[in-house]
Amino acid sequence: MDSSVYANKDFIKASKRWVCVYGSKDSGHGTEKVNGAEMCKLHPQLTCDDHMKVNGEVSGKFFTGTIKMPATVWCDSDGKEVGKQQGALSSKQLIEKMAEVEKQLGPGLGSDEYWMAQDRLAAGEKAMGEAKLRDALASFNEVVKMEKLPGSKAVVDRAKAGLERTNEMVQALVANADEIRSAGDLDRAKEKYKEILAQFRGTEIGKKAEKALAEMEQAEKDKVKKGNPPKR
Amino acid sequence: MKKLTLATAALALLALPALAKPPVEVKWAKSWDEAVKEAKARNVPIMLGLHKDG
């Protein structure tokens, strides 16, 4: 099944609606270097330790006694068995069985969408850590846009939480600039508004910073006109 | 807060489309626990393939 079924494009397509796990206690098939790491020759995105670990984790969970290999187990999203088969299956048989199980359990989030969401959530967190708040908002918003997809609740909830934390940071930036302005430290307040404007030009927050800067500049001009230069 | 929500909405429109590349092979979970965690998060079933060499 390794080369005939798992490499079949129709199976790969169907597998995106599932989480697939591969277990084998053997490592005699060897390894190959992938980006400098020793990976399983049969499935180079895994190490042989990975599939040996899976084999150990599921040992005795779904079969007892001697198993006719290869064997396949289908489970619900909690890992509870819904079907199993000993012996090889063709791509067609496997895809048909998968479709049958999917029909029983209903649709979920596809793996491409899930891993894209994971990527965007990580990018959002990273941007937030680097105070690149506009980038963080954009990353989290990409995930929130997946809201209508089935099975997206968990990733969308995480993105919404990320948005909320980012918005709090944006609000703190604006409050800080306003506070500095109120205290009369106009040069520093200008710097803060300019920092906000650099990240949020074209948005409501950016417009607020622009307005504050314009007001401050106008106030300075008015003072100069009256022969009363602004405090530095 | 309303203004911040508007900022968020404006940025949503500016967000670049996702650059997810479709995998050309099956994506295998690295452990059973990882598989269950991902399956719960996506609300999808799990397929376990057990094999031996030869």
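1. Start at the small pairing: A:Lys33 sits opposite A:Glu38, the latter in strand 3 of chain A. Keep in mind that this is a predicted model. The two strands involved, strand 2 (residues 31-34) and strand 3 (residues 37-40) of chain A, run antiparallel and share 4 bridges.

2. The turn is worth a look too. In this hairpin 2 residues lie between the strands, and A:Asn35 adopts a positive phi near 50°.

3. Zooming out, chain A has 8 helices and 5 strands. Along the sequence they come in the order α-β-β-β-α-β-β-α-α-α-α-α-α.

4. Now the inside. The largest nonpolar core has 34 residues, and the members touching the most others are A:Val143, A:Met146, A:Val155, A:Tyr193, A:Ile196 and A:Phe200. At least two residues each come from helix 4 (111-129), helix 5 (133-144), helix 6 (153-182), helix 7 (186-200) and helix 8 (204-225) of chain A. Helix 6 of chain A gives the largest share, 8 residues. As a rule, nonpolar side chains in soluble globular proteins tend to be buried together.

5. Take A:Val155 as a way into that core. Beyond its neighbours within four places in sequence, A:Val155 contacts A:Leu109, A:Tyr114, A:Ala117, A:Gln118, A:Leu121 and A:Val143.

6. Finally, the overall numbers. Of the 232 residues in chain A, 42% are buried. The exposed area of chain A is about 12600 Å², with carbon and sulfur atoms supplying 50% of it. Counting contacts in chain A between residues at least 6 apart in sequence, 44% link residues at least 24 apart.

Note on methods
Residues are numbered from 1 along each chain as its sequence is written. Chains are lettered from A and ligands numbered from 1 in the order in which they are written. This is a predicted model: local features need pLDDT of at least 70, side-chain atom pairs count only at pLDDT 80 or more; totals for chains, interfaces and linings use all residues. Side-chain values use heavy atoms; hydrogens and water are left out. Buried means under 20% relative accessible area, exposed over 50%, partly exposed in between (1.4 Å probe, protein chains only). Contact means heavy atoms within 4.5 Å. Accessible areas come from the Shrake-Rupley method with a 1.4 Å probe; for residues, only the protein chains shown count as cover. A nonpolar core is a set of buried Ala, Val, Leu, Ile, Met, Phe, Trp, Tyr and Cys residues joined through side-chain atoms within 4.5 Å. Two strands pair if DSSP finds at least two bridges between them.
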